[in-house]
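User: I would like a close look at a single part of this model. Please keep it brisk.

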Amino acid sequence: RPDFDMIIPNIIFGIETGKGVPEAAVPSEKLQVRELIAKKVWELEGEGLLEDEIVEELTFLAHEKGFLLSSLVDERAEDRNKNLLQVIKEQFAIYNNSARNGNYIPPELASASQSHQGLHKRHNNNKKLTRYQRSTSMAVQSRPWEKQPAAEDFVSALDKKRVLNTWGVLYCGGSKSVESKLRKISNKYD
């Protein structure tokens, strides 16, 4: 059975500090749609479509994925005199270039540092890694099943009324020993 005395504080520690939130390990849906749009621009340009036709196709694609095309594009002052397709191509260039050579690294996780360059080179050498595997290997990963030295003290120091009161433990099962352990850990932080 899992060590609830360790796991429960680790989960709370990870979420409350932001070090263990799932979105730190998995690219956001918006990020994935931006990548898809970048690939689509490249494909549609290859088909010889007119600019308006490309923007229309991108608008439909964004809508299919639950987004407005305009919400995927950052508003920047330097882009005011440019047409939408030009702005998309510039802002999504990192996705488009990586889509062409098969090496996708989300810009939110990418860095110009030497460590990023080393990671990028290693990813170039291993084409079998998926985009998800590459992004999660670069993200800060929380492992609640491993001892987090600061977790228990951190959770004990949280405000009981304003923070800990927002947490709860749910268990759907018939094991009295699991139920007992969960009650014990919950009472410890009450």
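How many aromatic pairs does the structure hold? Start there, and follow the helices involved.

Analyst: This is a predicted model, in which local features need pLDDT of at least 70 and side-chain atom pairs count only at pLDDT 80 or more, while totals for chains, interfaces and linings use all residues. Residues are numbered from 1 along each chain as its sequence is written, and side-chain values use heavy atoms, with hydrogens and water left out.

The structure holds one aromatic pair (rings of Phe, Tyr or Trp, the last by its six-membered ring, with centres within 6.5 Å). F13 and F154 form it, 5.2 Å centre to centre. Their planes are 85 degrees apart, which makes the pair edge-to-face (over 60 degrees; under 30 is stacked, the rest tilted). F13 sits in helix α1 and F154 in helix α9 (residues 151–157), so the pair ties together parts 141 residues apart in sequence. Helices here are DSSP runs of H or I, at least four residues long, numbered from the N terminus.

F13 is buried, at 11% relative accessible area (buried is under 20%, exposed over 50%, partly exposed in between, with a 1.4 Å probe and protein chains only). F154 is partly exposed, at 26%.

Helix α1 also holds N10. At 3% relative accessibility, N10 counts as buried. Beyond its neighbours within four places in sequence, N10 is in contact (heavy atoms within 4.5 Å) with P144, E146, K147, Q148 and A151.

Now to α10. α1 (4–17) is among what covers the buried residues of α10. Helix α10 (residues 176–188) has 13 residues. From first C-alpha to last, α10 reaches 18 Å, close to the 18 Å expected (1.5 Å times one less than the number of residues). V178, L182 and I185 of α10 are buried. They cover an arc of only 65 degrees around the axis (taken from the directions from the axis to the C-beta atoms), which puts them on the same side of α10. On the other side, K176, R183, K184 and N187 are exposed.

Both helices also contribute to the largest pocket. A pocket is an open set of points on a 1 Å grid over the protein atoms alone, where a 1.4 Å probe fits, with protein on both sides within 12 Å along at least five of seven lines. The volume of the largest one is about 280 Å³, the space filled by probe spheres set on its points, which are joined across faces, edges and corners. Of its 14 lining residues (an atom within 4 Å of a point), I12, L164, W167, G168 and V169 are the closest to its centre. α1 and α10 each supply at least two residues of the lining. The largest share, three residues, comes from α1.
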